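Please open the structure in your viewer and keep the sequence panel at hand. The tour proceeds by selections, each followed by a description of what is to be found there.

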Amino acid sequence: MENWTNAKLCDVANLILGAVLFVSPWMFGFDAGSASANANIAGVAIAALAIAALAAFAVWEEWLNLIVGLWTLVSPWVLGFQGTTAMTVHVAIGAAVAILAAIELWIMSQNPPRLTTSG
């Protein structure tokens, strides 16, 4: 039960991080363009995956969260907005999401979810 609680806390944290990333262009005054669009798209993706994981857990959601977190982490260099506040926000949130997804994957590898209710 404790591992389930830890996994759910990670999902709640990812939901909050996704929401913060989504509103970060307005909170931190990003210029309109690739940084703002990326923050909005990645924020929605992270939040949607977290909601899906909270509603009905599946391991693939955590792998997708890891991928989206890593994308958010490297996107300032790929999309060319290094040295900005947008970069700092993307790197911090991307790293946090990727770490939380890795923690959940590790928790699941230590105690795989049972597919039946008996036993």
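Helices are DSSP runs of H or I with at least four residues, numbered from the N terminus. The model on display is predicted.

**The whole chain**

Begin with the protein chain coloured by secondary structure, which comes to four helices and zero strands. From the N terminus on, the order of elements is α-α-α-α. Of the 119 residues in the chain, 40% are buried. Among contacts with a separation of 6 or more, 64% join residues 24 or more positions apart. A surface representation of the chain covers about 6500 Å², and 73% of that accessible area belongs to carbon and sulfur atoms.

**Ile93 and the core**

Next, select Ile93, which is found in helix α4 (residues 85-110). Is Ile93 buried or exposed? With a relative accessible area of 7%, Ile93 is buried, because the cut-off for that class is under 20%. Display the residues around Ile93: leaving out those up to four places away in sequence, Ile93 touches Leu17, Val20 and Leu21. Then draw a C-alpha to C-alpha distance from Ile93 to Gly18; the two are 75 residues apart in sequence and 8.1 Å apart in space.

Extend the selection to the largest nonpolar core, which has 16 residues. Leu21, Phe30 and Ile93 are those with the most contacts inside this core. At least two residues of this core are supplied by each of α1, α2 (34-55) and α4.

Phe30 merits a selection of its own. Phe30 counts as buried at 12% relative accessibility. Neighbours within four places in sequence aside, the contacts of Phe30 include Ser24, Pro25, Ala35, Ser36 and Ala39. Also among the contacts of Phe30 are Thr85, Ala86, Val89 and His90.

**The aromatic pairs**

Now show the aromatic side chains. How many aromatic pairs does a search of the whole structure find? The search finds two. Phe22 and Trp26 form a tilted pair, with 5.7 Å centre to centre and 55 degrees between the planes. These two residues are four apart in helix α1, so about one helical turn separates them. Phe22 counts as partly exposed at 33% relative accessibility, whereas Trp26 counts as exposed at 61%. Phe28 and Phe30 form a stacked pair, 6.5 Å centre to centre with 20 degrees between the planes. Within this pair, Phe28 is partly exposed at 40% relative accessibility, while Phe30 is buried at 12%.

**The nonpolar surface patch**

Return to the surface view and select Phe22, Val23, Trp26, Met27, Phe28 and Val44. Together these residues make a nonpolar surface patch of about 590 Å². Helix α1 (residues 2-28) contributes the largest share of the patch, five residues. Met27 is one of the patch residues, and its place is in helix α1.

**Met87**

Finally, go to Met87, which lies in helix α4. Met87 is buried, with a relative accessible area of 16%. Which residues does Met87 touch, not counting those up to four places away in sequence? They are Pro76, Trp77, Phe81 and Gln82. To close the tour, draw a distance between the C-alpha atoms of Met87 and Thr72: the residues are 15 apart along the chain, and the atoms are separated by 9.4 Å.

Definitions and conventions. Residues numbered from 1 in each chain as written. Predicted model: local features only at pLDDT ≥ 70, side-chain atom pairs only at ≥ 80, totals over all residues. Heavy atoms only, no water. Buried < 20%, exposed > 50% of the residue type's maximum accessible area, 1.4 Å probe, protein only. Contact = heavy atoms within 4.5 Å. Patch = residues over 30% accessible without salt bridge, like charges linked within 9 Å, V, L, I, M, F, W, Y side chains within 5 Å. Areas by Shrake-Rupley, 256 points an atom, 1.4 Å probe, with all protein chains shown as cover. Salt bridge = Lys/Arg side-chain N within 4 Å of Asp/Glu carboxyl O. Core = buried A, V, L, I, M, F, W, Y, C linked by side-chain atoms within 4.5 Å. Phe/Tyr/Trp six-rings, centres within 6.5 Å; stacked < 30°, edge-to-face > 60°.
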